[in-house]
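Me: I have a model open and want to go through its packing. Can you take my questions one at a time?

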Amino acid sequence: DRYKNIKVELSGPGADSAPALDSFASLSQLPPFLSRNIELMHYSTPTPIQQHAVPLALAGCDLMCCAQTGSGKTAAFLIPVCTALANESSSGRSTVGTAGAAKPRAVVMAPTRELASQIELEGQKLTNRSNLRTVAVYGGADQRAQAKALALGCDVIVATPGRLNDFVERRIVDLRPTTFLVLDEADRMLDMGFEPQ
């Protein structure tokens, strides 16, 4: 109930195009698996960032959001992305191309392997018992195991910039089919010198 007292600022084109979300149960456009998983995760009352970001993203708006750690940002971007991917007319899972490259439809970039791993876990929970697959790739871990996971196909790839750049250059990942890009903690990635990637 305290969420109602938190000040939220919205600005830019489309900022008023979707009403704030009262509850996750009111999201009628969610695929059944996602509604079930949100319920299993005991998400009932959306946090302020979820109240405003989820409806705008579902309405097709590009967003830049800022909120403190632990405020629910990950679900705020994964719920609309998973909804859009599940609702696409394609088969539901990316295919591996003729050159053997994984072709994710969504890319989530994060500055650290710890954050990438947390996002991957949240993505796996949200896509549980669905055709969608989330895979994380990051430095400091076995490249072969990550490449093997990608070879099974992935819809959402969660990656640190360096490892993603390496896998793209080596044609393990093909970003041409990608339609969604999320930069989680973009300011931190810039501070860490990842602008070229």
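**Helix and sheet packing**

Reply: Start with helix α2 (residues 48-58): 9 of its 11 residues are buried, so α2 is largely enclosed by the rest of the structure. Keep in mind that this is a predicted model.

Me: Which residues of α2 are buried, and which helix do they pack against?
Reply: The buried residues are P48, I49, Q50, Q51, H52, A53, V54, P55 and L56. Just after α2, G60 takes a positive phi of about 95°. The helix that the buried residues of α2 pack against is α3 (73-87).

Me: How are α1 and α3 oriented to each other, parallel or antiparallel?
Reply: Helix α1 covers residues 32-40, and its axis comes within 10 Å of that of α3. The two axes cross at roughly 155°. Angles over 145 degrees count as roughly antiparallel. α1 and α3 are therefore roughly antiparallel.

Me: How many charged residues are in the contact of α1 with α3?
Reply: From α1 come F33, L34 and I38. They meet I79, C82, T83 and A86 in α3. This contact divides into 6 nonpolar residues, 1 polar and, for charged, no residues.

Me: T83 lies in helix α3. Is T83 buried or exposed?
Reply: Leaving aside neighbours within four places in sequence, T83 is in contact with Q29, L30, P31, L34 and L58. The relative accessibility of T83 is 2%. The cut-off for buried is under 20%. T83 therefore counts as buried.

Me: On to the sheet. In what order do the strands lie, and which are the edge strands?
Reply: The sheet is open, has 4 strands and is paired in parallel. The strand order is β2-β3-β1-β4. An edge strand pairs on one side only, and that describes β2 (134-137) and β4.

Me: By how many degrees are neighbouring strands of this sheet turned against each other on average?
Reply: The strands lie in the order β2-β3-β1-β4. For neighbours in this sheet, direction ignored, the average turn is 15°.

Me: Which residues of β1 point which way, and are they buried or exposed?
Reply: Strand β1 spans residues 106-109. A106 and V108 point one way, V107 and M109 the other. All of them are buried.

Me: What stands opposite V107 and M109 in β3, and which residue is the bridge partner of V108 in β4?
Reply: β1 runs parallel to β3 (residues 156-159), joined by 4 bridges. There V107 stands opposite I157, and M109 stands opposite A159. Another 4 bridges join β1 to β4 (residues 180-183), also in parallel. In β4, the partner of V108 is V182.

Me: Which strands does α5 touch, and what angle does its direction make with that of β2?
Reply: α5 packs on the sheet. The strands it touches are β2 and β3. With the direction of β2, that of α5 makes about 155°.

Me: How do α5 and α6 lie to each other, parallel or perpendicular?
Reply: The helices are α5 (residues 143-151) and α6 (residues 161-169), with axes 12 Å apart. They pack at an angle of about 65°, and their crossing is right-handed. Angles of 65 to 115 degrees count as roughly perpendicular. α5 and α6 are therefore roughly perpendicular.

Me: Which residues meet there, and how many are charged?
Reply: Q143, Q146, A147 and L150 come from α5. They meet R163, D166 and F167 in α6. The contact divides into 3 nonpolar residues, 2 polar and, for charged, 2.

Terms used: Residues numbered from 1 in each chain as written. Predicted model: local features only at pLDDT ≥ 70, side-chain atom pairs only at ≥ 80, totals over all residues. Heavy atoms only, no water. Axes fitted to C-alpha atoms, helices over the stretch in contact; angles between N-to-C directions. Helix = DSSP H or I, 4+ residues; strand = E, 2+ residues; numbered from the N terminus. Parallel < 35°, antiparallel > 145°, perpendicular 65-115°, else oblique. Left-handed = near helix turned anticlockwise from the far one by under 90°. Contact = heavy atoms within 4.5 Å. Nonpolar A, V, L, I, M, F, W, Y, C, P; charged D, E, K, R; others polar. Buried < 20%, exposed > 50% of the residue type's maximum accessible area, 1.4 Å probe, protein only. Pairing = 2+ DSSP bridges.
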